[in-house]
Amino acid sequence: MAYVDGFIIPVPTRNLTAYARIARRAGKVWREHGALDYKECVGDDLRIEGKPLFPNLVKPRRGESIVFSWIVFKSRSHRDKVNAKVIADPRLADMMKPGAMPFDMKRLVYGGFKVLVSA
């Protein structure tokens, strides 16, 4: 059964272009190391009347956009192997340095998920 890593990140709207540039590079590396799919999406319709607010998960500040991302793998063990290769990949080393990301890493929400339904 497939496995998914999911992320929710508040990104300063002024930094979305820089974030997209990093995400394209990261997506390419994840796919080369075996990820089945890689998506990075920016919030567009997040305040649905009568529903809990999606932004409440990360409490965006004024001028921030919500980015929702996921990476699909064959299984959890496949995810672990792919992520180990990605972390060791020198093409992403500059991105891993403190302060290199165009958002606050401490506010990133992340988790691994077993796929329940795939239609």
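**Figure 1. The whole fold, from end to end.** Starting at the N terminus, the elements of the protein run β-α-β-β-α-β, which makes two helices and four strands. The radius of gyration is 15 Å, close to the 14 Å from the globule rule for 119 residues, so this protein is as compact as a globular protein of that length. Keep in mind that this is a predicted model. Along the principal axes, the C-alpha atoms fill a box of roughly 40 × 35 × 20 Å. Take the contacts between residues at least 6 apart in sequence: 84% of them join residues at least 24 apart.

**Figure 2. Asp5 and Arg79, a salt bridge between strand β1 and helix α2.** Here the two side chains meet at 2.7 Å, N to O. The partners sit 74 residues apart in the chain, with Asp5 in strand β1 (residues 3–12) and Arg79 in helix α2 (residues 76–88). Both of them are buried.

**Figure 3. Arg79 again, now with Asp80.** The closest N and O atoms of this salt bridge are 2.8 Å apart. Arg79 has a relative accessible area of just 8%, whereas Asp80, at 40%, counts as partly exposed. Shared partners tie Asp5, Arg79 and Asp80 into one salt-bridge network.

**Figure 4. Arg107 and Glu64, another salt bridge.** This pair has its closest N and O atoms 2.8 Å apart. Arg107 comes from the loop between α2 and β4 and Glu64 from strand β3 (residues 64–73), 43 residues away in the chain. Arg107 is buried at 15% relative accessible area, and Glu64 counts as buried at 17%.

Note on methods. Residues are numbered from 1 along each chain as its sequence is written. This is a predicted model: local features need pLDDT of at least 70, side-chain atom pairs count only at pLDDT 80 or more; totals for chains, interfaces and linings use all residues. Side-chain values use heavy atoms; hydrogens and water are left out. The radius of gyration is taken over C-alpha atoms; the globule rule is 2.2 Å times the number of residues to the power 0.38. Contact means heavy atoms within 4.5 Å. A salt bridge is a side-chain nitrogen of Lys or Arg within 4 Å of a carboxyl oxygen of Asp or Glu. Buried means under 20% relative accessible area, exposed over 50%, partly exposed in between (1.4 Å probe, protein chains only).
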